[in-house]
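Visitor: Hey, got a minute to go through the ligand site with me? I'd like to start with whatever definition we need.

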Amino acid sequence: MNDIKSVSPQQIGLDEWVRLVAEHTKADRVIWCDGSQKEYDSLIADLVAKGTLIKLNQEKRPDSYLARTDPSDVARVEERTFICSANREDAGPTNPWMAPDQMKSLMAELFEGAMQGRTMYVIPFSMGPIDSPLARYGVEITDSEYVVVNMHIMTRVLPEVFNRIRNGNGWVATIHSVGAPNSDATWPCNKEKYISHFPETLEVWSFGSGYGGNALLGKKCMSLRIGSHLARKEGWLAEHMLIMRLISPEGKRYHISAAFPSACGKTNLAMLKPSLDGWKVETIGDDIAWISPNANGRLRAINPENGFFGVAPGTSEKSNPVAMQMLAKETLFTNVAMTSDGDVWWEGMTREIPEGLTDWRGEKYQAGRALPAAHPNARFTSPARNCPTIAADWDDPEGFELDAIIFGGRRSSGIPLITESESWSHGVFMGASMASEQTAAAEGTVGELRRDPFAMLPFCGYNMADYWGHWLGFSDKDLKLPKIFRVNWFLKNSESKFVWPGFSENARALKWIVGRVEGQVEIKRTPLGGLPLLADLGIAELNLSEEDEAYLLHWSKSEVGKELEAVQEYLGKFGDHLPEELAIELEKRLAFFDKN
Ligand code: OXD
Ligand code: MN
């Protein structure tokens with residue numbers, strides 16, 4: 001007899017798989033979702049009736065709602081996020097691993113009866129425009145209405161996906177349960193959490209959490225972890241990157257993708273309002289890029305998502321006026337604070353803290369106490385169509401040819417404002433040696449430096465060193481590859497003040513980058529890579545002190561030496577899997593410091 005732990009969903013087919021899961025989880029009823037406005041509205045009404053969503057002041061925030069999670073369910077749970085490849089080595093040293101059979105046995109027990117007293121929804125979704133050659137299809141089974149409405153915004157929920165799957169198209173099968181049968185909690189969840197990926201069988205099983213990154217399975221789970229596995233097999237790249245179009249005053253268009261660790265300003269950069277006259281940014285995506293070679297020998301990228309699931313705290317008229325406009329309507333907020341007149345607020349939105357706030361836990365906010373009003377990882381879910389800077393053709397099924405790729409991170413010292421890689425393999429080395437001071441997007445100690453190669457540490461679905469090998473392999477193909485750069489907006493001076501103004505002024509760095517793409521500006525060669533000449537950055541009008549200006553492009557032998565040692569130690573963890581080209585890149589740079 002079939003049971004959920006021993007079948008392949010793709011082999012038994014969609015209908016039999018759904019039947020088995022419903023039987024196993026003892027769901028009260030099964031609803032096949034159609035992605036319609038009617039479905040969305042009726043689920044929102046249910047969620048409001050249950051108290052999971054609070055309707056916000058409709059004059060101030062039309063069609064917008066607030067969810068307050070259980071205080072224990074506020075972020076991605078990386079230690080509970082498993083890559084269950086058949087061989088442990090294929091998960092690599094950075095991913096928690098368990099053998100697929102063992103994980104499935106364990107989770108099948110958790111799923112047994114998990115949906116009793118609940119409705120099971122079957123969501124058909126396409127990541128990417130449904131007819132794009134780059135799109136991939138998925139189905140998420142979930143017992144959370146909150147997940148269904150968020151999936152409506154973040155993915156393309158289309159019943160046509162069911163037809164295509166039944167007609168033999170490939171798909172990823174995902175199951176999610178909050179693990180709270182018969183519960184009437186406003187935020188049902190379970191203390192025990194597992195977010196498990198089975199790359200070889202294209203499955204995701206998620207149990208115990210309702211939080212976005214753990215529960216909206218099209219996003220991190222399918223588009224990055226399963227996506228990166230598929231990408232390696234099929235010759236493309238699934239990346240934790242924004243995609244933007246930068247338009248020069250002459251009207252020339254450049255497409256740039258950029259990888260930054262979670263909560264380092266990807267959304268702000270994707271929606272940049274350049275401070276420079278005549279320059280313009282159009283947004284294509286803020287979190288995920290699927291990149292693949294096209295017939296012109298160029299790497300072209302699509303944003304597989306359909307909305308933005310961004311960090312609210314820190315978003316303001318200064319940091320991201322575009323997002324502020326986007327959030328004015330049709331937005332689902334999670335764990336932000338509520339004002340006395342039923343609107344939302346979070347730290348960093350305004351200088352003044354409004355009177356009479358209710359904090360993210362639903363308690364009266366007490367100014368002066370160390371606890372924030374909004375959770376530091378409070379989120380918004382907004383449709384891409386509401387973004388004022390969204391490119392008119394953002395969902396072009398063919399994607400956009402990339403002119404530059406940028407890696408970034410949050411480093412208070414030691415990494416200059418911009419560095420250009422010397423070659424594709426040096427660029428891959430830069431990506432592999434990325435590190436960032438930790439933020440609140442995942443559990444962990446905020447501020448600690450953590451290595452986060454390609455900003456993919458929590459998202460790479462296979463051995464990270466093999467992933468670098470896959471990137472390196474693109475230089476063997478006959479491709480015109482984009483230039484690779486590294487940026488750091490977060491340098492702090494001796495008074496611990498940020499040196500670079502960031503936000504709209506980041507346009508100056510982007511302008512320099514396209515200047516390099518066009519061969520219009522020179523670089524100074526250093527063992528780090530190519531650095532800009534200060535005069536070419538066009539920053540005189542920023543009125544920085546001379547020391548701060550110099551600090552932007554400063555590097556010291558001792559700091560770079562220390563950084564290289566840390567990178568050497570980190571890369572050493574990957575043993576035989578470390579590609580030789582990366583060992584050579586490292587040696588080249590270490591040798592410079594030995595010689596000098
Ligand atoms: C995200 C993340 O939610 O990276 O995008 O955590
Ligand atoms: Mn992200």
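Guide: Sure. A residue counts as near a molecule if one of its heavy atoms lies within 4 Å of it. Keep in mind that this is a predicted model.

Visitor: Okay, so which residues around ligand 1 come nearest?

Guide: Eight residues are around ligand 1, and R76, K220, S262, D287 and R379 come nearest.

Visitor: What's the mix by class in that shell?

Guide: Four are charged, two are polar and two are nonpolar.

Visitor: Which oxygen contacts can you give me for R379, D287 and H240?

Guide: R379 has a polar side-chain atom 2.8 Å from an oxygen atom of ligand 1. For D287 the distance from a polar side-chain atom to a ligand 1 oxygen is 3.2 Å, and for H240 it is 3.3 Å.

Visitor: And how much of ligand 1 does the protein bury?

Guide: 95% of the 210 Å² that ligand 1 exposes when taken alone.

Visitor: Switching to pockets: which one does ligand 1 take up?

Guide: The largest pocket. That pocket holds about 1000 Å³ of space.

Visitor: What lines the largest pocket?

Guide: 46 residues do, with A263, C264, G265, N268 and R410 nearest the centre. The elements giving two or more residues to that lining are helices α9 (218–234) and α10 (266–270), plus strands β17 (307–311) and β21 (379–383).

Visitor: Which element gives the largest share?

Guide: α10, with four residues.

Visitor: How does the pocket lining split by class?

Guide: The lining has 20 nonpolar, 16 polar and ten charged residues.

Terms used
Residues numbered from 1 in each chain as written. Chains lettered and ligands numbered in written order. Predicted model: local features only at pLDDT ≥ 70, side-chain atom pairs only at ≥ 80, totals over all residues. Heavy atoms only, no water. Polar contact = N/O pair within 3.5 Å; in protein donor to acceptor, adjacent residues only side chain to side chain. Areas by Shrake-Rupley, 256 points an atom, 1.4 Å probe, with all protein chains shown as cover. 1 Å grid on protein atoms, 1.4 Å probe; cavity = no way out; pocket = protein on both sides within 12 Å on 5 of 7 lines; lining within 4 Å. Sits in = over half its atoms within 2 Å of the grid points. Nonpolar A, V, L, I, M, F, W, Y, C, P; charged D, E, K, R; others polar. Points joined across faces, edges and corners; volume = space filled by probe spheres on them.
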